[in-house]
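The exercises below are to be worked with the sequence and the coordinates open. Each task is followed by a solution in steps.

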Amino acid sequence: MERRKLFNGMEIPHIGMGTFGSDRFTHDQVADTVYGAIGAGYRLIDCASIYGNEDKIGMYLEKAIDDGLVTREELFITSKVWNDMHGRGDVLLSCAKSLRDLRLDYLDMYFIHWPFPNNHNPGCDGDFRDSDAKPFDKNDFIAVWRQMEKLVYMGLVRSLGMSNMTITKLESVLPLCRIRPVALQMELHPAFQQPELYDYCIKKSIQPIGFCPIGSPSRPDRDTTSEDISVIEMPEIIEIAKSHGVHPAIVCLKWAIQRGQIPIPFSVDEMEYVSNLQCVDTPPLSIEEMTKITNADKRCRLIKGQVFMWEGAKDWHDLWDNEI
Ligand SMILES: NC(=O)c1ccc[n+]([C@@H]2O[C@H](COP(=O)([O-])OP(=O)(O)OC[C@H]3O[C@@H](n4cnc5c(N)ncnc54)[C@H](OP(=O)(O)O)[C@@H]3O)[C@@H](O)[C@H]2O)c1
């Protein structure tokens, strides 16, 4: 498994396995898939407390280690603190629960999942609004980050990451971080390449980790609108896939890895997750193919986060500082 070096000296696998079951797959299915994925060679597993399956995944992580498939040191396990655990002392509680559920002594990386405390019930409709929802506040965010930093000092977490940020938000908080984030989770796929944010991260030595790398074809209905692009149906992706004799999903992942981000695709289908992992062992995309994909960017955000809107927000663009 090839790895990328992070600025703090840690190494992270160049591809990982997502664990958000999109409300369509059971927790047992996802956990069982994690065991299969580790057997297939995955080492980076992207977890989060809100996915509700960390306890099941923990059983299989322990089993994979006990069965000799992998050692703890070879694994790179991430988790994320959810929006309803931003209060004083809550981050430690949330991290402790994730560690207990995942049956681990430490996490390799811990993320703030979203940069505000807004919450919604799992499975709610896209038009659900939390009456307590608030816009981003730099001081509130830094108070959460201080709790994250404490987890590193305590040895519970090896590195920190942010997620769903914008350049505007990063500019306001990075100068205040005592421990800087080594990675940013952001939506990245051929229809939503976020070149400005991507370049900003590279300039700051922050590793982009791309979620929904295949365009999340099985995402929940609440995250789907009529303007959304189906990434694996983009003509440019289909054409390149045909010429390589692979599924369009594989083109998305090859593009991601060659560009430099770490994709974390999800699939419960063994053939799919094995071919996703092995996509780097097949001939690379040519410079012309990479350029064709760059030029095909649709600036189409799929995970808009509209359920996090606060009273007075015009629309979901406000969540993203109107950067897209
Ligand atoms: N930080 C955040 O806020 C955030 C947000 C979203 C996601 N994430 C993370 O990112 C991970 C990935 O995102 P995602 O699961 O939404 O989207 P994704 O990986 O882009 O899409 C997953 C879907 O792609 C299809 N697929 C996967 N491999 C395939 C292959 N080789 N051939 C054909 N189809 C294939 C499967 O769809 P079918 O089941 O329809 O075949 C699968 O359910 C999540 O699991 C989660 O860990 C993080």
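Buried means under 20% relative accessible area, and exposed means over 50%. The model is predicted.

**Exercise 1.** Decide whether Gln261 is buried or exposed, and describe its surroundings.

Solution.
- Step 1: Locate the residue. Gln261 sits in the loop between helix 8 (248-259) and strand 10.
- Step 2: Apply the cut-off. The relative accessible area of Gln261 is 1%, and buried means under 20%. Gln261 is therefore buried.
- Step 3: List the neighbours. Leaving out residues up to four places away in sequence, Gln261 touches Arg4, His14, Leu188, Tyr198, Gln207, Pro208, Trp255 and Ala256.
- Step 4: Check for a polar partner. The side chains of Gln261 and Arg259 are joined by a polar contact of 3.1 Å.

**Exercise 2.** Work out the strand order of the open sheet and place helices against it.

Solution.
- Step 1: Read off the order. Eight strands are arranged as 3-4-5-6-7-8-9-10, with parallel pairing.
- Step 2: Find the edges. Strand 3 (16-18) and strand 10 (262-263) are the edge strands, each pairing on one side only.
- Step 3: Inspect one pair. Strand 7 (residues 160-163) and strand 8 (residues 183-187) run parallel and are joined by three bridges. In this pair, Gly161 stands opposite Ala183 of strand 8.
- Step 4: Add helix 6 (residues 195-203). This helix packs on the sheet, where it touches strand 8 and strand 9 (207-211), and its direction makes about 170° with that of strand 8.
- Step 5: Add helix 4 (residues 138-153). This helix lies across strand 5 (76-81), strand 6 (109-112) and strand 7, and runs at about 150° to strand 7.

**Exercise 3.** Identify the residues with the most contacts inside the largest nonpolar core.

Solution.
- Step 1: Take the core. The largest one has 58 residues.
- Step 2: Pick out those with the most contacts inside it: Leu61, Ile77, Leu107, Tyr110, Trp145, Met162 and Leu184.
- Step 3: Separate the other core. Apart from the largest core lies another of 28 residues, including Leu6, Met10, Phe111 and Phe211.
- Step 4: Expand one residue. Beyond four places in sequence, Trp145 touches Ile112, Leu160, Gly161, Met162, Cys177, Ile179, Arg180 and Pro181.

**Exercise 4.** Find which residues are closest to the ligand and list polar side-chain distances to it.

Solution.
- Step 1: Of the 28 residues that surround the ligand, the closest are Asp46, Ile214, Ser216, Ser218 and Asn276.
- Step 2: Polar side-chain atoms lie 2.8 Å from a ligand nitrogen for Asn276 and 3.4 Å from a ligand nitrogen for Glu272.
- Step 3: For Asn164, a side-chain N or O atom is 2.9 Å from an oxygen atom of the ligand.

Conventions
Residues are numbered from 1 along each chain as its sequence is written. This is a predicted model: local features need pLDDT of at least 70, side-chain atom pairs count only at pLDDT 80 or more; totals for chains, interfaces and linings use all residues. Side-chain values use heavy atoms; hydrogens and water are left out. A nonpolar core is a set of buried Ala, Val, Leu, Ile, Met, Phe, Trp, Tyr and Cys residues joined through side-chain atoms within 4.5 Å. Buried means under 20% relative accessible area, exposed over 50%, partly exposed in between (1.4 Å probe, protein chains only). Contact means heavy atoms within 4.5 Å. Two strands pair if DSSP finds at least two bridges between them. Helices (H or I, at least four residues) and strands (E, at least two) are DSSP runs, numbered from the N terminus. Axes are lines fitted to C-alpha atoms, for helices over the stretch in contact, and angles run from 0 to 180 degrees between N-to-C directions. A residue is near a molecule or strand if one of its heavy atoms lies within 4 Å of it. A polar contact is a pair of N or O atoms within 3.5 Å; within protein, one must be able to donate a hydrogen and the other to accept it, and residues adjacent in sequence count only if both atoms are side-chain atoms.
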